[in-house]
Amino acid sequence: MEDNKNLIFRQIPSVDYLLESSPIKRVLLTTPRSLVLRAIRQVLDDIRTRIERTQMGDELPDLGLNNVVDQIVKRVSILSQPRLRHVINATGVILHTNLGRSPLSRRVIAGFNSLAGCYSNLEYDLRTGKRGSRYVHVEEILMELTGAEGAMVVNNNAAAVLIAMDTIAKDREVIISRGQLVAIGGSFRIPEVMKKSGASMLEVGTTNKTSVNDYESVIGPDTALLLKVHTSNFRIVGFTEEVGLEELIALGKKYSLPVMEDLGSGCLIDFSRYGLKKEPTVQDSVAKGADIITFSGDKMLGGPQCGIILGKKEIVSAIKANQLNRALRVDKLTLIALQETLDTYRYEQRAIRQIPTLRMLCQSYQGLCRKAKRLLNLIGEIDEDNLSIGLCDGFSRVGGGAMPLEELRSRLLCLTTQRIPAHYIVESLRSHGPPIIARLEKDQVLLDVRTIQEKELKIVAEAIRKTAEKGTERIS
Ligand SMILES: *Cc1c(COP(=O)(O)O)cnc(C)c1O
């Protein structure tokens, strides 16, 4: 077998030979050489791997020139496509970090259209003709919407926490409850961010119980800040005690210490009015008097990736003046998207209708049932022997570490098959153009219509029909 393999390895066409073949020469007329070379190397690598893995009795790959060239031409076409692509989110997880969290509103896209392709007054004061600040464009609307004295924006919420702590507590101590030492998505951990900022962390209380006394007993001359982190992606339930923001602020007042709250998700709307569980809003935290508040732009706010910092004027000014800010600053695309998103919030009903994240969150169960029916009608008749399609009830999730206990009742398309393995259906949907990301649960493929956009329903229907047809080929 091994001797045989060596013989076969020697039959693989060489890169130079392939480059000289006429079909590849034709490809080279319209495609850069570096891209064609990448495609050739990838195809040859795949062939080598397949030969290495063949065992006695397996069929060996076809090394005929035509077949190899065919594969290369296909690979060139794949490599020519943009890498970052539209995918359809059928997982039902609204803030799916791996799928780009919040889709942006039409109004934001219109903002890009009119502003991204030209010069703008990004850092130019049109009144004085002098240098201006890039933050003014979103500062005032943030203050208007939340009641905060000061506002600014950085690259993401992790950066917001970092720069706030660096400004307020560098080389000093920050007190935090053990129940709030959160990790978000593996890459954001409060203790690590704290270390980077040069602040040292004083953990108080226990995982499930922390009292005001626990904080008060460790306050000393080096204490710079009391920190509260919203445990956005988990809940400790049962025998618990947490110190509320008001109590922490009262304690801060007593010792003249600032209080910071990392809200994580940061809602500007009270979603309990729309049938969801009560979550604290940003306005609540401002009204209670938190000195600094941080949250993400692309979680519940439904805007672009950024970190929003609100709070007392002097502290926000000090954060703006921090040298780190130069490294964490947002670009104009983010500012355009944030400006348009925030403007939409001036009218709550409009925000719910126009910001995709909010619209998906507030979709009624009846509306979802109708959407699922529309999808079913678009699919039409298919061969039920290959794929049986039904509708079922299930739950969507908010995701992005927000509202972890919220179960949003939804309507799902449920695909089952006796003959094709369920993971094959999932893969088939994922290889569609554009790819559709579905959920696999106990040998059932589930597509939650909540996160499928209206204009994507047709594409999903087509992909499901194709999958049913492919199933036939696979079996025969
Ligand atoms: C999500 C989250 C972060 C990190 O925010 P990014 O915008 O992803 O950097 C920090 N703290 C909390 C509590 C969060 O939920």
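Here are some exercises with worked solutions on this protein chain, which is a predicted model.

**Exercise 1. The overall build**

Task: Describe the secondary structure, the extent and the contact pattern of the protein chain.

Solution:
- Start with the elements: the protein chain has 20 helices and 18 strands.
- Next, take the extent. The C-alpha trace covers about 80 × 50 × 50 Å along its principal axes.
- Then look at the contacts between residues at least 6 apart in sequence: 75% of them join residues at least 24 apart.

**Exercise 2. Surface and charge**

Task: Work out what share of the residues is buried, what the accessible surface comes to, and how far apart the mean positions of the two kinds of charge are.

Solution:
- Of the 476 residues in the protein chain, 48% are buried.
- The accessible surface is about 24300 Å², and carbon and sulfur atoms hold 49% of that.
- For the charges, there are 65 positive and 57 negative ones, and their mean positions are 4 Å apart.

**Exercise 3. The largest pocket**

Task: Find the largest pocket, say which residues lie nearest its centre, and name the helix that gives the most to its lining.

Solution:
- The pocket first: about 1400 Å³ of space lies in it.
- Now the lining, which takes in 41 residues. His86, Val87, Pro103, Gln453 and Glu456 are the ones nearest the centre.
- Sort the lining by helix. At least two lining residues come from each of α5 (65–80), α6 (106–115), α17 (356–362) and α18 (365–379).
- The top giver is α18, with five residues.

**Exercise 4. Val87, by the pocket centre**

Task: Place Val87 in the chain, list its contacts beyond its sequence neighbours, and decide whether Val87 is buried, partly exposed or exposed.

Solution:
- Val87 sits in the loop between α5 and β1 (88–89).
- Skip the neighbours within four places in sequence, and the contacts of Val87 are Leu99, Pro435, Ile437 and Glu456. Glu456 is also among the residues nearest the centre of the largest pocket.
- For a distance check, use Gly100, which is 13 residues from Val87 along the chain: the two C-alpha atoms are 9.9 Å apart.
- Val87 has a relative accessibility of 29%, so it counts as partly exposed.

**Exercise 5. A closed space**

Task: Count the cavities of 30 Å³ or more, then give the volume and the lining of the largest cavity.

Solution:
- The count is one cavity of 30 Å³ or more.
- The largest cavity holds about 30 Å³ of space.
- Its lining is made by His230, Leu263, Ser265, Gly266, Cys267, Glu279 and Pro280.

**Exercise 6. Backbone oddities**

Task: Locate the cis peptide bond between Gly433 and Pro434, then compare the burial of Arg101 and Lys442.

Solution:
- Take the cis bond first. It joins Gly433 and Pro434, with omega about -5 degrees. Pro434 is in the loop between α19 (422–430) and β16 (436–437).
- On to Arg101: this residue is not a glycine, yet its phi is positive, about 50 degrees. Arg101 belongs to the loop between β2 (93–95) and α6.
- Lys442 is not a glycine either, and its phi is positive at about 45 degrees. Lys442 lies in the loop between β17 (439–441) and β18 (444–448).
- Now for burial. Arg101 has a relative accessibility of 18%, so it counts as buried. The cut-off for buried is under 20%.
- Lys442 has 82%, so it counts as exposed; the cut-off there is over 50%.

**Exercise 7. Leu338 and Gly220**

Task: Place Leu338 and Gly220 in the secondary structure and say for each whether the residue is buried, partly exposed or exposed.

Solution:
- Leu338 is in helix α15 (residues 332–344). Its relative accessible area is 0%, so Leu338 is buried.
- Leaving out neighbours within four places in sequence, Leu338 touches Val138, Val153, Leu301, Pro304, Cys306 and Ile308.
- Lys170 is 168 residues from Leu338 in sequence, and their C-alpha atoms are 29 Å apart.
- Gly220 is in the loop between α10 (212–218) and β10 (223–229). With a relative accessible area of 28%, Gly220 is partly exposed.
- Gly220 and Ser197 are 23 residues apart along the chain, and 20 Å separates their C-alpha atoms.

Key:
Residues numbered from 1 in each chain as written. Predicted model: local features only at pLDDT ≥ 70, side-chain atom pairs only at ≥ 80, totals over all residues. Heavy atoms only, no water. Helix = DSSP H or I, 4+ residues; strand = E, 2+ residues; numbered from the N terminus. Buried < 20%, exposed > 50% of the residue type's maximum accessible area, 1.4 Å probe, protein only. Contact = heavy atoms within 4.5 Å. Areas by Shrake-Rupley, 256 points an atom, 1.4 Å probe, with all protein chains shown as cover. Lys, Arg positive; Asp, Glu negative; His and termini not counted. Charge placed at Lys NZ, Arg CZ, Asp CG, Glu CD. 1 Å grid on protein atoms, 1.4 Å probe; cavity = no way out; pocket = protein on both sides within 12 Å on 5 of 7 lines; lining within 4 Å. Points joined across faces, edges and corners; volume = space filled by probe spheres on them.
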